[in-house]
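Biologist: Give me a close look at one hairpin in this protein, please, and then show me how it sits alongside the rest of the chain. Plain talk is fine, but spell out the cut-offs as you go.

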Amino acid sequence: MIKKIYAIVFASLFVAAATFAQSSSTKTQVTTKTDTTKLTKVAPAPVKYSTLDIHFNGLAFLDDHEYDALIPLRKTNSGTRTAIDVGYNVDSLNSFVVGTNALHEFGGVPYFVQVNPVAYYKFQNKKILFNAGEFPRDSLLQLPRGLYNVDSAQYYRPNVEGLLLRVKSKFGFETGFIDWISRQTPTNRNQFMAGELGIFFPNPGHAFYISHAFLFEHNAGSKSDTAADIQDSGGAQLRLGLDYSHKTIFDSLRFEAGGQFTEHRIRSQYQFQASYGFVATVYIGYKRFSLEDQFYDGDPSDLTYADPFYTKPIFNRADFMYTAFIGKHLKGQFFLALYQSPARLTDSEPGFRMVYDIGRKKIARFKDPD
């Protein structure tokens, strides 16, 4: 009985549709014959395209750490990073990118001692950027050195593996992220970090601004060692700044000062232990020369991925930089960092970095199916 009802309903719908189609066709024919002057041409729908592009870039570096204050960390970082990826742009907002980023250390064996995959989804418009997957850190996460050592990350952890969301407005920007450092296996520990950073201009166009950053780190045991100590650490910085870039003879001129707060614990041994300190930075840039001076005074801090000099109660770091050459896709820079800490006034870090980047080049275009 139910099948007969379905058959009758289906037949009725089919007949009704055929009758409506015939009626519409007849009306159209009559209108066309009797009053063609009132017909308007309908513009064809715009053709939509998706595109394919390629991106190639690299980094060569020689970074010599001459630290008498931190003898176990005296070493020379040197090598090249070569990255290439292909992006499929669904439209002007959505993209999928796949590629690789390989590290060769000078004199290292095997040739590529580390290969990092690149594979992520990207959404971007004028106000929002969202990344999900393994994507280049680049300038997205310029955390203060008191929380995260950006230099070492550039050499050995160039990618974020997780999620990132950035929102921009005329008042500044906010960025939140989560980054998995190590997945728990029988031999590897479970490690991740999450954080937030941003800049706020209360009066856009004026010099005064407020910058802030927060970072949390978690370090747990492996599957074969579940009794291992679980470590948690984190910190935050709040700074007040003045930016006079392009308002004086200098190309860049910034002043910042504020406070730093960090905590660290090993759950089975002690609860959170806090440290507090004062931070200040001056950055001056003129043509190819620049100087950045950073000062810290406070309690020794204990964050795994921070600049190791923040374990000192007081220190100063002065970075002198000279951009030797700038090409269409090439930039080379010499730098010299000088450190002063208790009883150690002559620690240094000379080095050279060269960055080459051809940008994204479109290699194909595809017409989207109707």
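**The β6–β7 hairpin and beyond**

Modeller: Two residues are all that the hairpin uses to join β6 to β7. Before going further: this is a predicted model, in which local features need pLDDT of at least 70 and side-chain atom pairs count only at pLDDT 80 or more, while totals for chains, interfaces and linings use all residues. Residues are numbered from 1 along each chain as its sequence is written, and side-chain values use heavy atoms, with hydrogens and water left out.

Strand β6 covers residues 159-169 and β7 covers residues 172-182; they run antiparallel, joined by eight bridges. Strands pair here if DSSP finds at least two bridges between them. Helices (H or I, at least four residues) and strands (E, at least two) are DSSP runs, numbered from the N terminus. Within the hairpin, L163 has I178 of β7 as its bridge partner. On its other side, β7 meets β8 (residues 190-200), again antiparallel, with 10 bridges. There, F173 is partnered by I199 of β8. F173 also has R166 lying over its face, 4.4 Å from the ring centre. That label requires NZ of Lys or CZ of Arg within 6 Å of the ring centre and within 35 degrees of the ring normal. R365 does likewise elsewhere, with its charged end over the ring of Y49 at 3.9 Å from the centre.

Stepping back, the protein has two helices and 16 strands. Of its 370 residues, 36% are buried; buried means under 20% relative accessible area, exposed over 50%, partly exposed in between (1.4 Å probe, protein chains only).

Now for the rings. The whole structure contains 25 aromatic pairs. One of them is Y111 with F112, edge-to-face at 5.0 Å centre to centre and 85° between the planes. For this, rings of Phe, Tyr and Trp (its six-membered ring) pair if their centres lie within 6.5 Å, with planes under 30 degrees apart called stacked, over 60 edge-to-face and the rest tilted. Y111 counts as exposed because its relative accessibility is 52%, whereas F112 is partly exposed at 41%. F309 and Y339, by contrast, are stacked, 4.2 Å centre to centre with 10° between the planes. This pair links distant parts of the chain, 30 residues apart: F309 is in the loop between β13 (289-298) and β14 (314-326), and Y339 is in strand β15 (residues 330-341). Both residues are buried. They also belong to a cluster that ring pairs build from Y67, Y296, F309, Y310, F315 and Y339.

Y339 turns up again beside R344, which touches D68, A69 and Y339 once neighbours within four places in sequence are set aside. Contact means heavy atoms within 4.5 Å. R344 lies in strand β16 (residues 344-367) and is partly exposed, with a relative accessible area of 37%. Its C-alpha atom is 6.0 Å from that of A69, although the two are 275 residues apart along the chain.

A few backbone oddities finish the tour. Most residues other than glycine have a negative phi, and most peptide bonds are trans. V109 and P110 are joined by a cis peptide bond, with omega about 0°, and P110 is in the loop between β3 (94-105) and β4 (114-124). H246, not a glycine, has a positive phi of about 65°; that residue is in the loop between β10 (231-243) and β11 (252-266).
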